[in-house]
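Thank you all for coming. I would like to walk through one structure this morning, and I will keep to a few topics in turn.

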Amino acid sequence: NFELTNDIRIFYLLLWFNKNDREYYVIQLGTNILISCIFSDNYFRLDYESEGDYLSGFIYEKNNIDYLCVSSLGGAIYIFDLSNRKLFKVISCNENHFWHIIQWNDKYSIVSDRMNRSFKVIDMEKYQNKI
């Protein structure tokens, strides 16, 4: 039971093991991003004013840093540095409503675009839309 999320909509959950403090966290994606430690009261929010709800995401590691990549109904992909708890990069794609996102491999991710009934391929090294 995560009391902090009783009044907000949650669309997606991720499990993250933080290697620095050796704790497991539940990442809750919804109208905002809340990260809660499973076995203690340790939690934090990743605050950024997005243009839509955070609907889906995945965690990946690059250069020994854990990143949270999330899709937004507002048509952007947000990448957060979990170690430093801050926004790292925004990939904006106009006139899109991103729904689900998956990591295809180390270089690419694929996101579904609800508005255009299509998929977009995102280059995660250059942080840009490929199609």
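I will go through the nonpolar cores, then the salt bridges, and then two residues on strands.

Please keep in mind throughout that what you see is a predicted model.

Let me begin with the interior, where the largest nonpolar core has 15 residues, and where the residues with the most contacts inside that core are I27, I33, I35, L68, V70 and F80. As for where this core comes from, at least two residues each are supplied by β1, which covers 10–18, by β2, by β3 at 33–37, by β6 at 65–72 and by β7 at 76–81. There is also a second core, separate from that one and made up of 14 residues, among them Y60, Y67, V111 and I122.

Turning to charged side chains, the structure holds five salt bridges, and I would like to spend most of my time on a network of them that links K19, E61 and D66. In one of these pairs, K19 meets E61 with the closest N and O atoms 2.9 Å apart, and that pair links distant parts of the chain, since K19 sits in the loop between β1 and β2 whereas E61 belongs to strand β5, residues 54–62, with the two positions 42 residues apart. K19 also forms a salt bridge with D66, at 3.3 Å from N to O; here D66 lies in strand β6 and K19 in the loop between β1 and β2, so this pair ties together parts that are 47 residues apart in sequence.

How buried or exposed are the members of this network? K19 is partly exposed, with a relative accessible area of 41%, and E61 is likewise partly exposed, at 44%, whereas D66 is buried because its relative accessible area is 8%, which falls under the 20% cut-off.

Another salt bridge joins D113 to K120, the closest N and O atoms being 3.6 Å apart, and both of these residues are buried.

Now to the two strand residues. Y24, in strand β2, residues 23–30, is partly exposed at 39% relative accessible area, and together with L15 and I38 this tyrosine forms a nonpolar patch on the surface, with about 280 Å² of accessible area for the three together.

K89, in strand β8, residues 86–92, counts as partly exposed at 33% relative accessibility. Setting aside neighbours within four places in sequence, K89 is in contact with I77, Y78, I79 and Y127, and the C-alpha atoms of K89 and I79, 10 residues apart along the chain, are separated by 5.1 Å.

Terms used:
Residues are numbered from 1 along each chain as its sequence is written. This is a predicted model: local features need pLDDT of at least 70, side-chain atom pairs count only at pLDDT 80 or more; totals for chains, interfaces and linings use all residues. Side-chain values use heavy atoms; hydrogens and water are left out. Patches are made of residues with over 30% relative accessible area and no salt bridge: like charges are joined within 9 Å, nonpolar side chains (Val, Leu, Ile, Met, Phe, Trp, Tyr) within 5 Å. Accessible areas come from the Shrake-Rupley method with a 1.4 Å probe; for residues, only the protein chains shown count as cover. A salt bridge is a side-chain nitrogen of Lys or Arg within 4 Å of a carboxyl oxygen of Asp or Glu. Helices (H or I, at least four residues) and strands (E, at least two) are DSSP runs, numbered from the N terminus. Buried means under 20% relative accessible area, exposed over 50%, partly exposed in between (1.4 Å probe, protein chains only). A nonpolar core is a set of buried Ala, Val, Leu, Ile, Met, Phe, Trp, Tyr and Cys residues joined through side-chain atoms within 4.5 Å. Contact means heavy atoms within 4.5 Å.
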